[in-house]
Amino acid sequence: MAAAAGGGGGGGGGGRPGLAELPGELLELILCCGVLGAADIGRVACTCRRLRDACQPRGKVWRECFRLRWPSLLKYYSHTDGVSWLEEYKARHNAGLEAQRIVASFSKRFFSEHVPCDGFSDIETLGCPSHFFEDELMCILNMEGRKGLTWKYYAKKILYFLRQQNILKNLKEYLQRPTDQQSFLEGAVLIDQYCNPLSDICLKSVQAQVDDITDKVRKVLRTKNARHPSLASKAGEVLIPEVELQRQVLDAMNCVLYEQLKYKGNELDYYNSLNSYIHQVLIRRTGIPISLSVLYLTIARQLGVKLEPVNFPSHFLLRWCQGKEGSTDIFDYTYIDAFGKGKQLTVKECEYLIGHHVTEEFYGVVTSKEVLQRMVGNLLNLGKRESTDQSYQLLRDSLDLYLAMYPDNVQHLMLQARLYFHLGIWPEKVLDILQHIQALDPSQHGAVGYLVQHTLEHIERRKEEVGPEVKHRSDEKHKEVCFSIGLIMKHKRYGYNCVIYGWDPACMMGHEWIRNMNVHSLPHGPHQPFYNVLVEDGSCRYAAQENLEYNSEPREIPHPDIGRYFSEFTGVHYLANTELEIRYPEDLELTRATAQKIYSSGKDHLGADRAPAPAIQAAEPGPADDPVRRPPPCCRETPPHIFWLLWGDARPCHPSQPSREGCSIANKKKEVVKQWSGSNIAPAKLPLYPSPKNEFGEGGGEVAQ
């Protein structure tokens with residue numbers, strides 16, 4: 001390379017010219033061709049003055065090198081003339097190394113716990129631009145193949161956190177603008193982004209889709225009235241005063257939305273959270289009243305028709321003024337049901353819609369902040385309706401959004417504290433929230449004190465914990481364990497596919513749970529190995545050995561936590577990552593040998609290699625046939641009064657795995673103990689942090705089978 005750069009002439013008369021002797025345009029073309037890497041260009045620049053000038057830090061060569069390596073980052077540079085592309089390249093490269101270091105450390109630090117509230121502190125203090133760091137995380141997530149699963153798992157968690165923090169910042173800035181500068185569509189997009197931070201959602205793309213619908217409305221309008229003011233280039237900047245012209249716009253909108261594009265209210269799947277996300281409404285062309293109303297209102301305003309949101313109980317509406325602008329008489333308005341295909345309603349018809357009479361205050365217009373409050377409230381209620389890991393994440397996200405708008409709302413602060421408390425995560429943050437509640441409303445002393453006491457008890461129990469339990473298959477007590485970590489299994493009764501990520505020589509659940517799950521109805525009862533498995537439907541379950549068999553057609557298990565335990569899928573089984581292998585040091589070789597024996601020899605061996613099974617199909621433990629509906633292990637020792645503490649009733653729960661995070665909270669504990677040392681708090685008879693032993697000594701969201 002150096003010889004070519006310095007020139008090849010000097011020898012015989014027919015020597016080839018070096019890079020330095022080529023014309024400038026040709027030299028630049030060669031250096032920008034993409035064959036040379038950054039190190040090559042750096043070496044070329046050191047050979048002579050002419051090549052150094054060609055490879056200037058602010059020149060085209062380094063810009064092209066940056067673009068070829070990280071093409072998605074160019075959107076962050078609106079003006080490229082003064083950019084030192086060499087320095088940007090170095091900064092992005094160093095950010096990538098830092099991101100890889102942090103991602104690699106997360107598995108060791110947080111394998112047996114939920115990432116604590118201070119777990120991202122080193123990320124928040126990064127010295128590099130956040131978009132560089134995020135870009136490296138995306139590179140990790142987009143790695144091809146079935147390797148690097150653990151890296152992808154933690155890169156996803158970190159990216160989720162970073163994007164949510166940025167979106168929350170944008171939401172707070174949005175809420176501080178004057179009301180007339182708060183777009184309903186932008187607010188809906190911010191909520192959508194926060195609940196789906198890993199999706200490619202941006203206001204620009206959503207607005208482009210809305211503009212496309214608006215253009216279709218204009219085409220229909222043009223056929224009805226070629227001189228309509230909404231067809232002007234500046235339509236939307238000036239409102240149309242004539243009611244009849246407004247009516248023409250609304251008729252054209254209804255034609256396009258409900259007849260041509262087939263938008264409709266989602267009556268069949270009303271409680272699906274996708275109905276609340278504006279980008280999904282545009283994709284699926286269905287939604288609930290409030291999301292369809294935001295779309296309808298936005299299109300109308302772009303066409304010069306002013307519609308106003310009405311926070312009508314049980315059914316969000318829009319109102320259209322038929323009388324004097326700003327009238328306070330509810331009968332001067334026509335009410336529009338975007339969920340009902342744009343139907344125009346009178347006051348009496350609105351009451352028929354919900355089945356009862358309401359006072360005039362419910363017909364009043366609401367602000368954009370109140371619209372967002374209702375949208376977030378809908379998501380909050382959806383999070384409470386279900387008992388899945390996804391619903392708990394939705395509950396956490398919607399609480400974050402609500403408290404961003406109303407940070408001193410005691411009711412939702414208490415719900416957030418109870419949620420974290422119930423899931424067993426972030427005790428430090430629980431104490432912070434409780435202290436804030438007590439400062440806002442001293443009447444909450446009893447409930448706050450109760451939670452404080454048991455949060456501190458949870459912290460004390462954590463201090464007594466030792467390192468991870470290591471299970472050797474060679475131990476005599478483990479001789480009945482037939483299956484090993486990483487094998488793809490099939491449930492004999494329910495037919496689901498799963499992968500083993502832990503095992504116990506016998507059922508390790510509490511007596512109450514074993515009784516509730518009717519484990520004794522199994523031929524071998526609780527005195528047989530039980531396995532922690534990740535199921536293809538996204539659940540975690542605790543399955544008896546007699547109910548599992550080798551899967552004749554092993555395939556990847558699409559579970560969100562697969563990367564927490566495994567580093568690679570080989571095509572027939574999973575490889576445990578370093579942390580899981582520490583806990584099961586003798587399983588890896590057995591898994592490889594078992595997979596080779598079964599899948600390389602054909603399906604004929606499957607029947608012979610299965611674990612001993614009774615002649616009669618074992619009855620599934622539990623009173624119901626639907627395993628998903630059964631109380632999970634986290635509920636097995638939990639009395640009804642604890643569910644009341646979280647929900648206000650005795651509804652069952654299905655939390656994600658409670659964590660074992662190790663926050664340093666000694667000072668916080670002393671402060672809280674001092675504050676509550678004089679209070680009369682009735683001690684609970686049962687612990688609020690049930691700690692069933694699974695293979696990590698931690699609680700879990702498993703369903704027994």
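This report describes a four-stranded sheet with the helices beside it, and then one glutamate, E186, in a predicted model.

Residues are numbered from 1 along each chain as its sequence is written. Because the model is predicted, local features need pLDDT of at least 70 and side-chain atom pairs count only at pLDDT 80 or more, while totals for chains, interfaces and linings use all residues, and side-chain values use heavy atoms, with hydrogens and water left out.

The sheet is open, and its 4 strands follow the order β3-β4-β5-β6 with antiparallel pairing, where strands (E, at least two residues) and helices (H or I, at least four) are DSSP runs numbered from the N terminus and two strands pair if DSSP finds at least two bridges between them. Its edge strands, β3 (308-310) and β6 (343-345), each pair on one side only. Strand β5 (residues 333-337) pairs with β6 over 3 bridges in the antiparallel sense, and D337 stands opposite K343 in β6.

Two helices meet this sheet, contact meaning heavy atoms within 4.5 Å; the angles, from 0 to 180 degrees, are taken between N-to-C directions of lines fitted to C-alpha atoms, for helices over the stretch in contact.

| Helix | Strands met | Angle with β4 |
|---|---|---|
| α12 (residues 243-260) | β4, β5 and β6 | about 150° |
| α14 (residues 289-302) | β3, β4 and β5 | about 30° |

E186 lies in helix α10 (residues 184-195) and counts as buried, because its relative accessibility is 17%, buried meaning under 20% relative accessible area with a 1.4 Å probe and protein chains only. Not counting residues up to four places away in sequence, E186 touches Y174, R177 and L203.

Key: Buried means under 20% relative accessible area, exposed over 50%, partly exposed in between (1.4 Å probe, protein chains only).
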